[in-house]
Amino acid sequence: MKIPSPSRLRGEEGISGPEPLTLNLGWLLYGEELDILERVHVIIENGKIAYIGNGWSETGLTIEDGVAIPYPLNMHTHILDSIAPEACSNYSLPGYAGSKGLKHAIIRLGKKDLLKSMEWVINKTMYASGIVDYTEDYDFCSYLEQAFSKKGLAYYGLSRPKQNTPEDYLKAARKCHGIGIANPLKLYPWEKEVLSKISREKIVSAHVSETKNMARKSDLYYLTSHGVKPAHIVHGTFLDRRDLKYLVDENIVLIVCPRSNLLFTGKLPPTGEAYEIGVDIAVGTDNIGCIEPDIWRELEIAFMQVISRNRAIRSKEFFASFIGASYKALKEKPLFINENSPARILIIDGKQIGFNRSFDKVATLIKRVTIKDYILSVTAKTIQVFDRNKIIKQHK
Ligand SMILES: [Zn+2]
């Protein structure tokens, strides 16, 4: 493995290898407190953050207005329907995504096309350093994991059995990161017993109370009976205060998808109330064929929902809790920018978003970043340059 030269860095992918890479940056959000350090250098070695120091080093690459931030995760997607963008238009949620919905026919017919358009899908998902994908076919998980890792992105596939047998549940969990349940109300008691076992080792996740009808039938409590311990649930659009308290007590992360809920149910999830009660909240974009997987657009709505209830909540606290909850939902240690942490860093063009002049720098990130402001990312395996016109200077 070798370190990319600056000329290679311009517009190409490089490998984050054993030779140290030094980056001189305008700002860096340090640790889980997201302390804003100014004019720092970071040394990356063997895919880890080896050192963070004050001032600029005489060697390395300088990104004068670069802001290094923890690279967020997109916590809920469905990749496979990306083969038919906007097929969801004019369909209701059950008509599109229900068990007999249009989406499943499209996927059955077009699975092979997905493999042809993988490059497009992966580029589309680079808004985030990794995605959690409810995949209809567990045989895709290892392929997708490899395809994503070539770009330094993490792929967390949550699948489901193809045959309704305990063996096939275990197979799906083994081949992927765990199980993603489309509708918990359809589970038989024996399935919950299998899921209870799986949830002790792997991730068990489910769409919960996405519709009023699901909430009315108490899908959250139905899911968690028989000892199922989901690491996270998705949507929660129609959860009430008692349900949200239950999530806190049971240590279950809530993944909200505000734009998807608006599109399909005309209602936003209770993000503000959930945050106030102390629920761990992370954010996902849902169906890629239907909604641009831009995590910032989602995060901005969630942030506005939270601060509109309580103006005293600080943007830093919100952003840190979002990063922490994302990893907790995957049963992993959170990756903030700390010495000795594996690198998962995104560098944003601070000049474009007015970061230097901002009175609330983290709010500026949440509300103003677009993928056009991405300069480069460093993950444990790769260095990815987003825009070859952005200024990266080399020091001798
Ligand atoms: Zn979903």
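In the predicted model, strand 6 (residues 74-78) and strand 14 run parallel and are joined by two bridges. The bridge partner of T77 in strand 14 is D286. Strand 6 is also joined to strand 7, again by two bridges and in the parallel sense. Here N74 has I131 of strand 7 as its bridge partner.

These pairings belong to an open sheet of nine strands with parallel pairing, in the order 13-12-11-10-9-8-7-6-14. The edges are formed by strand 13 (281-283) and strand 14 (286-287); each has a single partner strand, so one side of each is left without a neighbour in the sheet.

Strand 7 (residues 130-134) has five of its five residues buried, and is therefore largely enclosed by the rest of the structure. The burial extends to both faces of strand 7: G130, V132 and Y134 are buried on one side, and I131 and D133 on the other. In a regular strand the side chains alternate between the two faces of the sheet.

Strand 7 pairs with strand 8 (residues 154-159) over five bridges, in the parallel sense. Within this pairing, D133 has G157 of strand 8 as its bridge partner. The connection from strand 7 to strand 8 passes through helix 5 (residues 141-149), and the resulting β-α-β crossover is right-handed.

Strand 8 pairs in turn with strand 9 (residues 178-181), in the parallel sense and over two bridges. L158 and G178 of strand 9 are bridge partners. Between strand 8 and strand 9 the chain crosses through helix 6 (residues 166-175), in a β-α-β crossover that is right-handed. Strand 9 is joined to strand 10 (residues 203-208) by four bridges, and the two run parallel. G178 has I203 of strand 10 as its bridge partner. A right-handed β-α-β unit is made by strand 9, helix 7 (residues 189-201) and strand 10.

Helix 13 (residues 295-309) was examined for its length and its burial. For its 15 residues, a rise of 1.5 Å a residue gives an expected span of 21 Å; the end C-alpha atoms are 22 Å apart, which agrees. The buried residues of helix 13 are I295, E298, L299, A302, F303, Q305 and V306. Around the axis they cover an arc of only 160°, which puts them on the same side of helix 13. An α-helix has 3.6 residues a turn, so residues three or four places apart point the same way.

At the level of the whole chain, the domain assignment gives domain 1 (6-71 + 335-395) and domain 2 (74-328). The centres of domain 1 and domain 2, taken over C-alpha atoms, are separated by 29 Å. Contacts between the domains involve 23 residues of domain 1 and 17 residues of domain 2. On the side of domain 1 that touches domain 2, the elements giving two or more residues are strand 15 (344-349), helix 16 (361-368), strand 16 (374-379) and strand 17 (382-385). Helix 16 gives the most to this side of domain 1, with four residues.

Terms used:
Residues numbered from 1 in each chain as written. Predicted model: local features only at pLDDT ≥ 70, side-chain atom pairs only at ≥ 80, totals over all residues. Expected span 1.5 Å × (residues − 1). Buried ≥ 20, exposed ≤ 12 C-beta atoms within 10 Å, placed from the backbone. Arc of directions from axis to C-beta. Pairing = 2+ DSSP bridges. Right-handed = clockwise from strand over helix to strand, strands pointing away. Domains from an automatic or database assignment. Contact = placed C-beta atoms within 7 Å.
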